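Q: Please give a close, connected account of helix packing in this model. Please add the local detail of the loops that adjoin the helices you discuss, with the cut-off for each term.

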Amino acid sequence: MSYDLIVIGSGPGGYVCAVKASQLGMKVAVVEKRATYGGTCLNVGCIPSKALLHASEQYAHAAHGMESLGVKLSGVELDHDKLLAHKDSVVKSNVEGVAFLFKKNKIDGFQGTGKVVSAGKVQVTKEDGSTEDLEAKNIVIATGSDVAGIPGVDVAIDEETIVSSTGAIALKKVPEKMIVVGGGVIGLELGSVWSRLGAKVTVVEFLDKILGTMDGEVSKQTQKLLAKQGLDFKLSAKVTAVEKGKKGAKVTFEPVKGGDAETLDADIVLISTGRKPYTEGLGLEDAGVKLDDRGRVEIDGHFKTNVEGIYAIGDVVKGPMLAHKAEDEGVALAEILAGQAGHVNYDVIPSVVYTQPEVASVGKTEEELKKGGVAYNVGKFPFMANGRARAMETTDGFVKVLADKETDRVLGVHIVGFGAGEMIQEASVLMEFGGSSEDLGRTCHAHPTMSEAVKEAAMAAFFKPIHM
Ligand SMILES: Cc1cc2nc3c(=O)[nH]c(=O)nc-3n(C[C@H](O)[C@H](O)[C@H](O)COP(=O)(O)OP(=O)(O)OC[C@H]3O[C@@H](n4cnc5c(N)ncnc54)[C@H](O)[C@@H]3O)c2cc1C
C-alpha cells in the first residue's frame, strides 16, 4: 500500500498529526502496536489518571469536606471496583473517539509494530508474526516514551507491588502504605489519588524540592499544601535500593549530601522518576536516523530527522513530555508537509499538575529570569482575598505574574489554586499575543470568579491590586 504519510504511533502527537494531514488532503496511514489508539495519554496516562483524580477528590470531599458548608454526609464508602470501572469506561470512550476520527477522516489504521526499513518504507509486524510492507512519501515517528527506571538502581517493576504509573492506575485495593519514588507531576498526582482514598503516602525525592522545574515559590507552597493533606516528603534523598519482600517492598535511601541511609517499607512502591523516549524495535539505526545523547530522535526546527522524508514529534523528541506539546507538533508538522507555515511556540506551553489544589504554569520561572539576568516585576495575589474562593472554601494558593521591568510584557504566570489548570489558559493566550501585565489587569473579568485573582496579580505587577 502506498500513502502520502505514514505515522508510527497513535498518541496525541501521532493521531493529531494524522487527522490534520488528512484534513489537508493527504492519504494517511497510522501504525499502532497497542490494541487501541490514543497512546500513553489516553490508555494509561493523562486520561485515566484524571478519572481517578476526580473520583478520589469527590470521595475525599464527601468524606471530610462538606460539614462547614452545612452539608452533612454519613456512610460515605468507596466502591473500589466501580472506581476502576469508571476509569476504564472513560479510557474506552476516549480511545474509541480516536478510532471514530480515523474513520471519519479516512485514515487507514494498521495494528502492529512499525519498523522504518528506509526512507519511504515501513514494515508492520502483526501479533501473529506476519508482516505487511507499506510505502509513503513521508514517515512520522511518534512513538512516545516509556517509564525510566532509577539511574544506577536495579528495579524490578512487576506492576503489582513495585509499580510504574501504569500499575498505579490499576491497584486492586487501596494500599495501607505507599512510597512514591520521584516528586514530579506523575508521582504527586497518583500519590494524591491513593492518599485521598486512605493510603499513607511518602514521597522520596532526589532534589531539595518537589516539582523540580517549577517556580521555587510554587513548589514550596504546593509541598506545604500536600503535607497538610497527609503526604510525607523525604527530600534530598537518593534512593539506593528498591526490593520486593514477602509482603510489600522496601525502599532504601540516603541523604544526597551524605549521612545515614534509611529504609521504609510499604505495600506499594510507585516508581515515578520520569520517562524516556521510546525507539525500541523501530529500526532507526539501520535506517540511519540519528538519536541525540539522551536517546531522543534528533530533529531540526521543522521536525525533520537527518534522513530525507522521515520526521519525528512528541515525547520521542526534545522538549517537555506533554500531550498538548505533542499535539501542537503534530498539527505544525502536517501543515509543513502540506506546504504551509506550521509552527510551535515553545515559550508558551502551559503545564498543569492536577493535584488539589492544581498547579499551573506558563513561561519563565523567577529562577530562570534571575539566571538569564532579566529585570522583572512580580505581581502576586492570594486566593484568600478572592470572594469566590471564600464562598467555595478554595482559598489555598496564589497567582504570580512575572513581567518584564522595562516593557511590562508578561514573561511567566504561575498559579497554585483550585481550577488553576483552566485559569492558566488566559495567561497563555495573552503571552501568545505578547501582552503586558497592564493588558491583563485592564481586561474586565467576570465577578465573582477565581480568575479575578489573575487580573489582580497582573494589576499588582504593573501598579497595585485593588483588593489587597
Ligand atoms: C500517568 C501519566 C499521566 C500523564 N498526565 C499528563 C497530563 O495530564 N497532561 C499531559 O500533557 N501529559 C500527561 N502525560 C504525558 C503524556 O501522556 C505524553 O506526553 C503523551 O502521551 C506523548 O504523546 P506521544 O504522541 O508523543 O506518545 P504516546 O502517547 O506515548 O504514544 C506513542 C504510541 O506509539 C506506539 N508505538 C511505539 N512504538 C511503536 C512502533 N514501533 N510501532 C507502532 N506503534 C508504536 C505506542 O504503543 C504508543 O501508543 C502523562 C503521562 C503519564 C504516564
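A: Residues are called buried when the relative accessible area is under 20%, exposed when it is over 50%, and partly exposed in between (1.4 Å probe, protein chains only). The model is predicted, so local features need pLDDT of at least 70 and side-chain atom pairs count only at pLDDT 80 or more, while totals for chains, interfaces and linings use all residues. Residues are numbered from 1 along each chain as its sequence is written, and side-chain values use heavy atoms, with hydrogens and water left out.

The account begins with the packing of helix α1 (residues 12–23) on helix α9 (residues 323–337); helices (H or I, at least four residues) and strands (E, at least two) are DSSP runs numbered from the N terminus. Two packed helices are described by the angle between their axes and the distance between the axes. For α1 and α9 the angle is about 30° and the axes are 7 Å apart (axes are lines fitted to C-alpha atoms, for helices over the stretch in contact, with angles from 0 to 180 degrees between N-to-C directions). The two helices, α1 and α9, are therefore roughly parallel; that term covers angles under 35 degrees, with over 145 roughly antiparallel, 65 to 115 roughly perpendicular and the rest oblique. The crossing of α1 with α9 is right-handed, meaning that the near helix is turned clockwise from the far one by less than a right angle, and anticlockwise if left-handed.

On the α1 side, the residues in contact are P12, G13, V16, C17, K20 and A21, contact being heavy atoms within 4.5 Å. Their partners in α9 are A323, A326, E327, G330, V331, L333, A334 and E335. By class, the contact of α1 with α9 holds 9 nonpolar, 2 polar and 3 charged residues (nonpolar: Ala, Val, Leu, Ile, Met, Phe, Trp, Tyr, Cys and Pro; charged: Asp, Glu, Lys and Arg; polar: the others, Gly among them).

Helix α1 also packs against α4, where the axes come within 10 Å and cross at roughly 25°. This pair, α1 and α4, is therefore roughly parallel as well, but its crossing is left-handed. Here Y15, A18 and V19 of α1 meet V98, L101 and F102 of α4, and the contact comprises 6 nonpolar, no polar and no charged residues.

Helix α4 (residues 80–104) has a further partner in α3 (residues 46–64); their axes come within 9 Å and cross at roughly 140°. The crossing of α3 with α4 is right-handed. From α3 the contact draws on I47, P48, A51, L52 and A55, and from α4 on L83, L84, H86, K87, V90, V91 and N94. These residues of the contact of α3 with α4 divide into 9 nonpolar, 2 polar and 1 charged.

Beyond α4, the loop leading to β3 (108–111) contains K106. K106 has a positive phi of about 55° although it is not a glycine, and with a relative accessible area of 70% K106 is exposed. E159 also combines a positive phi, near 60°, with a residue type other than glycine. E159 lies in the loop between β7 (145–147) and β8 (162–163), and at 31% relative accessibility E159 counts as partly exposed.

Attention now turns to α14 (452–462), which follows a loop from α13 (437–441). Because 9 of its 11 residues are buried, α14 is largely enclosed by the rest of the structure. The buried residues of α14 are E452, A453, V454, E456, A457, A458, M459, A460 and A461. They pack against the strands β20 (376–382), β21 (398–404) and β22 (410–417), and against α12 (420–432) and α13.

The loop between α13 and α14 contains H445, and at 12% relative accessibility H445 counts as buried. Its side chain makes a polar contact of 2.8 Å with the side chain of E426 (a pair of N or O atoms within 3.5 Å; within protein, one must be able to donate a hydrogen and the other to accept it, and residues adjacent in sequence count only if both atoms are side-chain atoms). The side chain of H445 also reaches the backbone oxygen of T443 at 2.7 Å. Setting aside neighbours within four places in sequence, H445 is in contact with E426, L440, S451, E452 and K455. P448 lies in the loop between α13 and α14 too, and a cis peptide bond, with omega about -10°, joins H447 to P448.
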